[in-house]
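Me: I would like to go through the terms used for this fold and test each one against its cut-off. Here is the structure.

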Amino acid sequence: MPSTMDCLFCKIISGAIPSKKVHEDSLAYVFADIDPKAPVHLLLVPKKHITSLAHAEAEDQALLGHLLALTTKLAAELNLDRGYRTVINTGADGGQTVDHLHLHLLGGRAMHWPPG
């Protein structure tokens with residue numbers, strides 16, 4: 001498990017690595033994905049380093065709720081009124097490639113199922 005000093009998303013949140021910031025508040029940092037899979041592809045990252053959803057604890061419940069509420073707010077601001085997809089990849093088999101909990105917000109086109 002990487003330390004927060006080695007974490008890509010912790011470095012983005014701190015400003016050590018540049019990103020296209022979309023939103024920031026006391027709990028979360030949101031930026032555009034550098035390899036978008038849809039016209040809108042944002043990453044919502046908690047400022048607290050949590051390795052994955054599987055590592056979230058009871059004390060993180062409000063933070064997780066904040067991320068979901070922020071998703072709704074951003075989707076409305078981005079006029080994703082026809083729909084959007086939220087994804088949380090967890091663990092290697094779940095497709096997680098960065099060991100810091102993050103939520104994908106994808107929209108701007110029709111999504112297909114199954115995703116992959």
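Me: How many bridges join strand 2 to strand 3, and which way do the two run?

Reply: Five bridges join strand 2 (residues 28–32) to strand 3 (residues 40–46), and the two run antiparallel. One partnership is Y29 with V45 in strand 3. A word on the basis: this is a predicted model, where local features need pLDDT of at least 70 and side-chain atom pairs count only at pLDDT 80 or more, while totals for chains, interfaces and linings use all residues. Residues are numbered from 1 along each chain as its sequence is written, and side-chain values use heavy atoms, with hydrogens and water left out.

Me: What makes strand 2 and strand 3 a pair?

Reply: Two strands pair if DSSP finds at least two bridges between them. Strand 2 and strand 3 have five bridges, so they pair. The strands themselves are DSSP runs of E, at least two residues long; helices are runs of H or I, at least four, and both are numbered from the N terminus.

Me: Why is strand 1 paired with strand 2?

Reply: Three bridges join strand 1 to strand 2, so the rule of pairing is met. These two strands run antiparallel. K21 stands opposite F31 in strand 2. A hairpin joins strand 1 to strand 2 through three residues.

Me: What is the strand order of the sheet, and why are strand 1 and strand 4 at its edges?

Reply: Five strands form an open sheet in the order 1-2-3-5-4, with antiparallel pairing. Strand 1 (21–24) and strand 4 (84–87) each have a single partner strand, so one side of each is left without a neighbour in the sheet. On average, neighbouring strands of this sheet are turned by 20 degrees against each other, direction ignored.

Me: Which strands does helix 2 lie across, and at what angle does it run to strand 3?

Reply: Helix 2 (residues 61–77) lies across strand 1, strand 2, strand 3, strand 4 and strand 5 (103–107). It runs at about 155 degrees to strand 3. Axes are lines fitted to C-alpha atoms, for helices over the stretch in contact (heavy atoms within 4.5 Å). Angles run from 0 to 180 degrees between N-to-C directions.

Me: Why is H23 called buried?

Reply: Buried means under 20% relative accessible area, exposed over 50%, and partly exposed in between (1.4 Å probe, protein chains only). H23 has 16% relative accessibility, so it counts as buried. H23 lies in strand 1. Leaving out residues up to four places away in sequence, H23 touches A28, Y29, V30, L70, K73 and L74.

Me: How do you know that H23 and D25 make a polar contact?

Reply: The rule asks for a pair of N or O atoms within 3.5 Å; within protein, one must be able to donate a hydrogen and the other to accept it, and residues adjacent in sequence count only if both atoms are side-chain atoms. The side chains of H23 and D25 make such a contact at 2.9 Å.

Me: What makes a set of residues a nonpolar core, and which residues have the most contacts inside the largest one?

Reply: A nonpolar core is a set of buried Ala, Val, Leu, Ile, Met, Phe, Trp, Tyr and Cys residues joined through side-chain atoms within 4.5 Å. The largest has 13 residues; V30, L42, L44, L70, L74, L80 and L105 have the most contacts inside it. Strand 2, strand 3, helix 2 and strand 5 each supply at least two residues of this core. Helix 2 gives the most, with four residues. Apart from this core lies another, of ten residues, among them F9, Y29, F31 and L43.

Me: Why are K48 and E59 called a salt bridge?

Reply: A salt bridge needs a side-chain nitrogen of Lys or Arg within 4 Å of a carboxyl oxygen of Asp or Glu. K48 and E59 meet at 2.9 Å, N to O, so they qualify. Both lie in the loop between strand 3 and helix 2, so the pair ties together parts that are eleven residues apart in sequence. K48 also meets D60 in a salt bridge, at 2.5 Å.

Me: Are E59 and D60 buried or exposed?

Reply: E59 has 60% relative accessibility, so it counts as exposed. D60 has 3%, so it counts as buried. K48 has 35% and is therefore partly exposed.
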